[in-house]
Amino acid sequence: MYRLTTRTRAGTATAIAVLVLVIAGMALPAFASRGVIQDLFFILTMLTLAQIWNLLAGYGGLVSVGQQAFVGIGAYAMFAGVILLGWNPVWAIPLGGLAALLLAIPTAYFAFRLQGAYFAIGTWVIAEVTRLLVAQWKTLGGGTGTSLPREATSNILGTDLIRALFSVREAAARDILAYWLALVLVVAVTGGIYWLLRSRLGLALSAVRDNVEAARSVGVDAGRIKWAVFLIAAAATGLTGALIFMQTARISPDAAFAVTDWTAYVIFIVVIGGIGTIEGPILGVLVFFVLRSALADYGSWYLMTLGLIAIAVMLFAPKGLWGLISARSGLHLFPVRRKLVGLKIEGGI
Amino acid sequence: MILRLENVSKSFGALKVTDAVTVSVPRGEALGIIGPNGAGKSTLFNLITGNVLANEGRIEFLGRDVTRAPAMERVRMGVGRSFQIPQPFEGLTVFENLLTAAAFGRGGREADMVDACARILEETELLKKANVVAGSLSLLDRKRLELARALATGPELLLLDEIAGGLTEGECKALVETIRAIHARGTTIIWIEHVLHALTSVVERLLVLDFGRVIGIGAPDEIMASKEVREIYLGLEV
């Protein structure tokens with residue numbers, strides 16, 4: 001008599017649009033210049049980080065300011081795999097995810113003793129400690145950093161094929177490969193989060209975010225949920241970090257553990273786009289990219305403008321740009337609501 | 001006995017909020033708890049649900065020692081509760097609130113819980129608002145949701161904390177009818193309430209708490225006739 005549905009027309013349309021976009025995105029290197037590919041790589045990797053941070057903060061209530069720890073450790077683990085173990089960089093990327101996962105265990109152990117703002121600062125401190133420790137690692141360049149060796153970059157898995165396919169130089173082929181991997185990663189991460197939110201775990205996550213005490217009282221294991229989300233987010237962030245630094249092929253502790261690049265910008269993207277929605281970070285990363293391109297020549301004015309915009313959005317549109325759009329139009333491109341359908345129930349939300 | 005408390009005590013610092021409470025609740029009973037503000041009624045609930053752990057004593061549920069068991073484990077065993085101040089999952093819809101409680105409180109797939117949730121929504125008069133976000137509900141509907149969500153966990157023992165408080169006479173009456181129907185189906189109920197006529201119209205026994213101690217337990221008429229209880233309730237509605 002009654003049934004549950006999460007399906008909406010907009011959701012189906014989104015699924016089709018995403019499929020088309022992904023296929024077009026895969027084919028793009030045949031037409032686009034190297035500059036466009038590099039820009040898209042930047043957008044896709046920032047979007048991946050933003051979706052992950054949104055899962056943590058927007059759905060899990062875990063406002064971490066220390067995600068750069070996992071970007072950095074993921075990137076360094078990838079470099080270690082290449083330089084110390086002689087692995088192909090592509091195969092060393094999963095090593096980045098694994099290293100971040102391992103680092104996340106002690107991080108969560110300590111940081112979960114803290115709440116709210118203290119948790120945020122705690123994660124940042126742990127990231128700084130990790131940066132200082134990694135800077136002691138002399139074989140990977142210590143404080144000044146290092147580059148991927150020439151024989152490794154010239155021999156990345158699949159680049160021969162790409163060179164033959166698009167008749168491009170080696171460096172451009174590496175960019176195309178990185179771009180493709182970024183596309184796969186962003187689809188996997190966003191799709192994974194979407195799936196998670198529509199699963200039982202998604203309900204539990206929302207319940208814990210809204211009211212921990214009440215969540216426990218209906219049988220939700222709040223502690224385990226927080227652990228699960230934190231570990232998943234760390235591993236995905238580590239993979240992204242490894243991929244980002246495979247593309248640059250150069251690493252230093254300051255770059256890999258940069259709080260502005262890997263956390264502040266990411267928070268900016270999520271906040272202006274709309275926290276707690278999958279659509280928000282997508283919109284946010286586009287706005288961020290446009291601002292970055294437009295203001296790139298203005299030095300510190302660039303950062304100040306970003307800050308002012310973020311403050312304005314927080315004050316006047318706390319649910320971000322997507323929040324404004326969806327409140328006006330009722331549109332949800334990635335519907336996660338479970339609707340009860342049956343007699344006697346009004347149209348609902 | 002579905003629930004047994006033996007010499008259960010709880011202190012917050014120097015303050016003893018639960019003082020050697022011993023009580024047994026037979027299966028199917030409705031037990032009311034009264035007492036002045038600060039008597040330790042809600043703490044007693046928290047001790048039974050596991051939201052607070054006892055310093056001393058022993059709590060048995062369905063013959064099992066649950067004194068140290070965490071709240072979520074007790075929910076799965078069949079202890080459901082409502083909160084004095086409604087605590088809905090505000091970002092979720094009414095239906096999703098129940099679905100969460102059903103999927104985690106009983107353990108199972110969401111799809112298998114849909115009919116049970118719909119039935120509870122119907123019984124608590126929330127069916128029309130199933131797809132409304134809980135954060136936008138009125139007080140009456142929030143109270144109903146507290147009850148509905150507790151029911152969705154499939155409780156054998158239902159703990160109600162001042163569910164009638166703050167409601168109008170008419171609203172209260174409807175809610176009492178719902179509770180009576182739930183009780184009639186065999187669910188054991190322990191109910192804290194200041195609205196005495198609502199309470200005494202359902203419960204078979206009353207327990208009086210003062211300064212964390214049980215100062216009386218028995219049939220509502222006897223309890224309300226006792227001098228000690230009258231003194232404690234002086235100034236309150238008797």
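Which residues of α2(A) meet α13(A), and which residues of α13(A) do they meet? In this predicted model, the α2(A) side consists of M46(A), L49(A), A50(A), W53(A), N54(A) and G58(A). Their partners in α13(A) are W262(A), Y265(A), V266(A), I267(A), I269(A) and V270(A). By class, the contact holds 10 nonpolar and two polar residues, with no charged residue. Helix α2 of chain A covers residues 34-59, and helix α13 of chain A covers residues 259-273. Their axes come within 9 Å and cross at roughly 75°. Because angles of 65 to 115 degrees count as roughly perpendicular, α2(A) is roughly perpendicular to α13(A).

The UniProt record, an unreviewed entry, lists transmembrane regions in chain A. The listed spans are residues 42-62, 69-87, 93-112, 176-197, 227-245, 265-289 and 301-322. Two of these spans were examined in the model. Residues 42-62 of chain A are 86% helix and 0% strand. The end C-alpha atoms of residues 42-62 lie 25 Å apart. Residues 93-112 of chain A are 95% helix, again with 0% strand. Here the end C-alpha atoms are 28 Å apart.

A second helix pair in chain A involves α9(A) and α11(A), the latter spanning residues 222-248. Their axes lie 10 Å apart and pack at an angle of about 110°. This angle makes α9(A) roughly perpendicular to α11(A). From α9(A), the contact draws on L201(A), A204(A), L205(A) and V208(A). From α11(A), A222(A), I225(A) and V229(A) take part. The contact has seven nonpolar residues, with no polar and no charged residues.

Chain A and chain B also meet. The contact takes 29 residues from chain A and 35 residues from chain B. On the chain A side, four elements each supply at least two residues: β1 (3-5), α9 (200-210), α10 (212-217) and β4 (339-341). Helix α9(A) gives the most, with six residues. The chain A side divides into 12 nonpolar, six polar and 11 charged residues.

One residue of α9(A) merits a closer look. S206(A) is placed in helix α9 of chain A. S206(A) has 25 C-beta neighbours inside 10 Å, so this residue counts as buried. Beyond its neighbours within four places in sequence, S206(A) is in contact with Y59(A) in chain A. Across the chains, S206(A) is in contact with F89(B), G91(B) and L92(B). S206(A) and G60(A) are 146 residues apart in sequence, yet their C-alpha atoms lie 7.3 Å apart in space.

Chain B is assigned domain 1 (24-54 + 68-87 + 157-238) and domain 2 (91-139). Taken over C-alpha atoms, the centres of domain 1 and domain 2 of chain B are separated by 24 Å. Five residues of domain 1 of chain B are in contact with five residues of domain 2 of chain B. The side of domain 1 that touches domain 2 has one nonpolar, three polar and one charged residue.

Helix α1 of chain B covers residues 41-49. Nine of its nine residues are buried, so α1(B) is largely enclosed by the rest of the structure. The buried residues are K41(B), S42(B), T43(B), L44(B), F45(B), N46(B), L47(B), I48(B) and T49(B). G50(B) follows α1(B) and has a positive phi, near 95°.

Notes:
Residues are numbered from 1 along each chain as its sequence is written. Chains are lettered from A and ligands numbered from 1 in the order in which they are written. This is a predicted model: local features need pLDDT of at least 70, side-chain atom pairs count only at pLDDT 80 or more; totals for chains, interfaces and linings use all residues. UniProt positions are given in the numbering used here, feature names are shortened, and annotations may be inferred rather than shown by experiment. Two residues are in contact if their C-beta atoms, placed from the backbone, lie within 7 Å. Ala, Val, Leu, Ile, Met, Phe, Trp, Tyr, Cys and Pro count as nonpolar, Asp, Glu, Lys and Arg as charged, and the others, Gly among them, as polar. Axes are lines fitted to C-alpha atoms, for helices over the stretch in contact, and angles run from 0 to 180 degrees between N-to-C directions. Angles under 35 degrees count as roughly parallel, over 145 as roughly antiparallel, 65 to 115 as roughly perpendicular and the rest as oblique. Domain bounds come from an automatic or database domain assignment. A residue is buried if 20 or more other C-beta atoms lie within 10 Å of its own, exposed if 12 or fewer, and partly exposed in between; C-beta atoms are placed from the backbone.
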